[in-house]
Amino acid sequence: MTKKDLILELHRRMGLPASHIAQVVDSIVDLTKEAVAQGEPVKISGFGQFVVKEKKARLGRNPHTGEAMTIPAHKALTFRSSKVLKDKINGT
């Protein structure tokens, strides 16, 4: 499902103008991006949690050449699904 599909489905379900729904969806995405960029976790009850994790520098290999290289420390965004979402996915 794309953002456009999400907007159209919300428009169909709620009957609100698609342009208003697009503004709300864009605002939610922007607020989420701002929060995770500041290192704040974003928790959506019944869905899951977006968390920024610090990854340490480590030794790796270039898959094409096999040459050893250092992978620098960086931040990674992770998502942990809620129990409600896991149950929905697994049909329980």
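1. Lys 3 has a relative accessible area of 44% and is therefore partly exposed. The coordinates under discussion are those of a predicted model. Lys 3 makes a salt bridge with Asp 26, in which the side chains meet at 2.6 Å, N to O. Because Lys 3 belongs to helix α1 (residues 3-14) and Asp 26 to helix α2, this pair ties together parts that are 23 residues apart in sequence. Asp 26, with 30% relative accessibility, also falls in the partly exposed class.

2. How many salt bridges are counted in the model? The count comes to 5. Helix α1 supplies one of them, between Glu 9 and Arg 13, whose closest N and O atoms are 2.8 Å apart. Both residues lie in helix α1 at a spacing of 4 residues, about one turn of the helix. Glu 9 is partly exposed, with a relative accessible area of 24%, whereas Arg 13 is exposed at 63% relative accessibility.

3. A further salt bridge joins the side chains of Asp 30 and Lys 33, at 3.9 Å from N to O. Since Asp 30 and Lys 33 are 3 residues apart in helix α2, about one helical turn separates them. Asp 30 has 38% relative accessibility and counts as partly exposed. Elsewhere, Glu 9, Arg 12 and Arg 13 are joined into one network by salt bridges that share partners.

4. The next point concerns the sheet. Three strands make up an open sheet in the order β1-β2-β5, and their pairing is antiparallel. The edge positions are taken by β1 and β5 (74-81); each has a single partner strand, so one side of each has no neighbour in the sheet. From one strand to the next, the twist averages 25°. Helix α2 (residues 18-37) lies across β1, β2 and β5 and runs at about 135° to β1.

5. The pairing of β1 with β2 is antiparallel and extends over 3 bridges. Val 42 has Phe 50 of β2 as its bridge partner, and Lys 43 stands opposite Gln 49, also in β2. The two strands form a hairpin with 3 residues between them, and Gly 46 in the turn has a positive phi of about 80°.

6. On the other side of the pairing scheme, β2 and β5 are antiparallel and are joined over 8 bridges. Within this pair, Val 51 stands opposite Thr 78 of β5.

7. Which residues form the nonpolar patch on the surface? The patch consists of Ile 44, Phe 47 and Phe 79, which together have about 250 Å² of accessible area. Phe 47 is placed in the loop between β1 (42-44) and β2 (48-55). With 36% relative accessibility, Phe 47 is classed as partly exposed.

8. A separate point concerns β3 and β4. Strand β3 (residues 58-61) runs antiparallel to β4, and 4 bridges join the two. Leu 59 has Thr 70 of β4 as its bridge partner. The hairpin of β3 and β4 has 6 residues between the strands, and Gly 66 takes a positive phi near 80° there.

9. Where does Met 69 lie? Met 69 is in strand β4 (residues 68-71). Its relative accessibility is 40%, so Met 69 counts as partly exposed. Leaving aside residues up to four places away in sequence, Met 69 touches Arg 58, Leu 59, Gly 60, Arg 61 and Asn 62. How far apart are the C-alpha atoms of Met 69 and Phe 47? The separation is 38 Å, for residues that are 22 apart along the chain.

Key. Residues are numbered from 1 along each chain as its sequence is written. This is a predicted model: local features need pLDDT of at least 70, side-chain atom pairs count only at pLDDT 80 or more; totals for chains, interfaces and linings use all residues. Side-chain values use heavy atoms; hydrogens and water are left out. Patches are made of residues with over 30% relative accessible area and no salt bridge: like charges are joined within 9 Å, nonpolar side chains (Val, Leu, Ile, Met, Phe, Trp, Tyr) within 5 Å. Accessible areas come from the Shrake-Rupley method with a 1.4 Å probe; for residues, only the protein chains shown count as cover. A salt bridge is a side-chain nitrogen of Lys or Arg within 4 Å of a carboxyl oxygen of Asp or Glu. Buried means under 20% relative accessible area, exposed over 50%, partly exposed in between (1.4 Å probe, protein chains only). Two strands pair if DSSP finds at least two bridges between them. Axes are lines fitted to C-alpha atoms, for helices over the stretch in contact, and angles run from 0 to 180 degrees between N-to-C directions. Contact means heavy atoms within 4.5 Å.
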